[in-house]
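Here is my note on the model, set out as numbered points. Please read it with the coordinates open.

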Amino acid sequence: MIEQRFELIEGSTKTINKVVFDDNIHYIQMILNRGEALPEHFSNSWVYMTVLRGRLSIRLGEQDIHTYSKGSLLKIPVNTKMNVSNLDEETLELIVVKAPAPDQKS
């Protein structure tokens, strides 16, 4: 078999699923329930976020919180301060792609 197969997780439990984490890209599935968030951090690569369900609440840099619904795709530059959370009732599910993959030594 030439291809590799990877699985996404189904459910509503808080999840950070590192689906593909190699030298080419980081492909991460995230599930957050109401009030759950990632720690504030700076992006260590270009980040592409796709909202699969729910509504993403995100503060980038010093701007106000913006919300994005299912079907939205965001492109976020490297070294951007990020606050990612779910402020809504519905479970939030995201696919996060970091490309190129960040240097895993730092």
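1. Which residue of β6 is the bridge partner of L56? The partner is Y68, and the strands concerned, β5 (residues 55-60) and β6, run antiparallel and are joined by 4 bridges. Strands here are DSSP runs of E with at least two residues, numbered from the N terminus, and two of them pair if DSSP finds at least two bridges between them.

2. On provenance, this is a predicted model, in which local features need pLDDT of at least 70 and side-chain atom pairs count only at pLDDT 80 or more, whereas totals for chains, interfaces and linings use all residues. Residues are numbered from 1 along each chain as its sequence is written, and side-chain values use heavy atoms, with hydrogens and water left out.

3. The β5 and β6 strands belong to an open sheet of 4 strands, whose order is β3-β8-β5-β6 and whose pairing is antiparallel. At its edges lie β3 (41-42) and β6 (66-69), each of which pairs on one side only.

4. Strand β4 (residues 47-53) runs antiparallel to β7, with 4 bridges joining the two; within this pairing, M49 has L74 of β7 as its bridge partner. L74 also appears, together with I76, on the covered face of β7 (residues 73-76), while L73 and K75 make up the uncovered face. In a regular strand, side chains alternate between the two faces of the sheet.

5. K75, on that uncovered face, lies over the face of W46, at 5.0 Å from the ring centre, and K18 is placed likewise over F21, at 4.6 Å from the ring centre. The criterion is NZ of Lys or CZ of Arg within 6 Å of the ring centre and within 35 degrees of the ring normal.

Definitions and conventions:
Buried < 20%, exposed > 50% of the residue type's maximum accessible area, 1.4 Å probe, protein only.
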